[in-house]
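Please work through the exercises below with the sequence and the model side by side, trying each task before reading its solution.

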Amino acid sequence: MSSYLEKQQRAFTSGVTSASTKINAKHTSLAPTAPESAPSPAPSNVSNTSKSEKDTKRKREVQQNVVFSQPVATGYGAEAFTQVTYVIEFLKKKNEPKTFQEILKYLSQVHIEEHKKRFIAQILRRHDRITWQADPQLKKQDWYTGTFLHRPLINVRNKQDLLLYLQNRTDAQGVSVKDLKDGWPDCEVAIDELEKEHKLLVTRTKKDNHARMVWSNDPTLVHHVDSEFQIMWHKTELPSPDELVRKLIDAGQKPASEDPSKRVKAAPKAKEKKKKAPRKGGKVTNQHMLHLLKDYDKHRK
């Protein structure tokens with residue numbers, strides 16, 4: 001009996017010790033480990049990688065918007081037309097023919113690609129404000145040959161040309177001084193001199209008294225009038241339009257217009273009401289209502 005109890009006691013103690021070892025193992029596995037030393041940050045690498053990632057994303061977004069079926073828009077077309085505006089101002093100031101090579105030097109475009117040079121030369125030859133003149137020494141002209149000259153709005157550059165231009169006009173409209181300055185920048189001095197000679201009629205601005213419009217004038221129609229007569233002329237008062245008719249009648253003259261006091265104003269006409277036109281067509285009957293209009297008095301009892 002004692003041997004049986006001893007066996008039971010040994011089995012109980014061995015079970016308790018094994019259970020305690022398992023519990024300790026679980027606690028050690030769940031316990032927090034010691035903190036490891038964190039590596040030193042590398043901001044340059046992180047920033048570089050982030051920038052490279054952003055750049056790649058931007059490139060992908062740009063590539064998504066590209067239409068591969070269309071030619072690449074380099075933007076040189078708009079730049080070339082901008083260069084042409086500079087060329088027009090350059091030719092206007094120089095007022096003499098210039099070669100294409102001189103124009104490229106002025107634009108600082110001597111070392112650009114040939115297809116860009118061809119494009120500029122093509123625009124200059126077709127521009128309505130530029131005149132292209134072929135080189136007389138060459139039998140066959142190339143895209144870079146010839147000279148370019150400014151073509152003004154009005155091809156007038158001296159007094160004689162201005163008078164001849166005004167005399168050849170078929171209408172009575174004036175010529176804008178602004179358009180004259182496009183080909184003749186200092187034309188105001190000549191306009192003032194021609195006005196004093198009574199060869200031009202000039203309208204001027206009120207603020208600066210600059211010439212605005214010019215017309216041709218005949219100096220033979222201008223006669224000297226004494227100042228005394230001019231003063232008498234300006235002192236004479238003209239009657240009002242209503243009194244003018246009466247004074248002409250009193251002077252025994254027949255006025256071209258009737259006396260405004262004897263005018264009889266016509267009474268305003270009343271608006272006539274439009275009469276309705278009679279209906280055109282045959283007789284109107286109620287054939288579709290004959291069964292309703294039938295007299296049944298004979299059938300009464």
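The exercises that follow concern a predicted model, and each task is paired with a worked solution.

**Exercise 1. The protein as a whole**

Task: Find how many helices and strands the protein has, and what share of its residues is buried.

Solution: Beginning with the secondary structure, the protein has 10 helices and 6 strands. Turning to burial, where a residue counts as buried under 20% relative accessible area, buried residues make up 18% of the 301 residues in the protein. The accessible surface comes to about 26400 Å², and 55% of that area belongs to carbon and sulfur atoms. As a last step, consider the contacts with a separation of 6 or more: residues 24 or more positions apart account for 45% of them.

**Exercise 2. The sheet of β1, β2 and β3**

Task: Work out in what order β1, β2 and β3 are arranged, and which of the strands stand at the edges.

Solution: The order of this open sheet of 3 strands is β1-β3-β2, and its pairing is antiparallel. The edge strands are therefore β1 (98–99) and β2 (130–133), each of which pairs on one side only, given that strands count as paired if at least two bridges are found between them. Next, follow the pairing bridge by bridge: β2 and β3, the latter covering residues 147–150, are joined over 4 bridges, and Thr131 has Leu149 in β3 as its bridge partner. On the other pairing, β1 and β3 run antiparallel over 2 bridges, with Phe148 in β3 as the bridge partner of Lys98.

**Exercise 3. The sheet of β4, β5 and β6**

Task: Determine the strand order in this sheet, and then find which helix lies across β4, β5 and β6.

Solution: This open sheet also consists of 3 strands, here in the order β4-β6-β5 with antiparallel pairing. Because β4 (175–176) and β5 (200–204) each have a single partner strand, one side of each is left without a neighbour in the sheet. Between β5 and β6 (residues 211–216) there are 5 bridges, and Leu200 is matched with Ser216 in β6. Helix α8 (residues 187–196) packs on the sheet by touching β5 and β6, and its direction makes about 120° with that of β5. The helix asked for is α6 (residues 159–167), which lies across β4, β5 and β6 and runs at about 65° to β6.

**Exercise 4. Two residues in helices**

Task: Decide whether Trp233 counts as buried or exposed, and identify which residues Lys181 touches beyond those up to four places away in sequence.

Solution: Trp233 is found in helix α9 (residues 227–235). Since exposed means over 50% relative accessible area, Trp233 counts as exposed because its relative accessibility is 62%. Together with Val225 and Phe229, Trp233 forms a nonpolar patch on the surface, and the accessible area of these residues together is about 360 Å².

Lys181 lies in helix α7 (residues 177–183), and its relative accessible area of 32% makes this residue partly exposed. Leaving out residues up to four places away in sequence, Lys181 touches Cys187 and Glu188. Finally, the C-alpha atoms of Lys181 and Pro152 are separated by 8.8 Å, although these residues are 29 residues apart along the chain.

Conventions:
Residues are numbered from 1 along each chain as its sequence is written. This is a predicted model: local features need pLDDT of at least 70, side-chain atom pairs count only at pLDDT 80 or more; totals for chains, interfaces and linings use all residues. Side-chain values use heavy atoms; hydrogens and water are left out. Contact means heavy atoms within 4.5 Å. Axes are lines fitted to C-alpha atoms, for helices over the stretch in contact, and angles run from 0 to 180 degrees between N-to-C directions. Patches are made of residues with over 30% relative accessible area and no salt bridge: like charges are joined within 9 Å, nonpolar side chains (Val, Leu, Ile, Met, Phe, Trp, Tyr) within 5 Å. Accessible areas come from the Shrake-Rupley method with a 1.4 Å probe; for residues, only the protein chains shown count as cover. A salt bridge is a side-chain nitrogen of Lys or Arg within 4 Å of a carboxyl oxygen of Asp or Glu. Buried means under 20% relative accessible area, exposed over 50%, partly exposed in between (1.4 Å probe, protein chains only).
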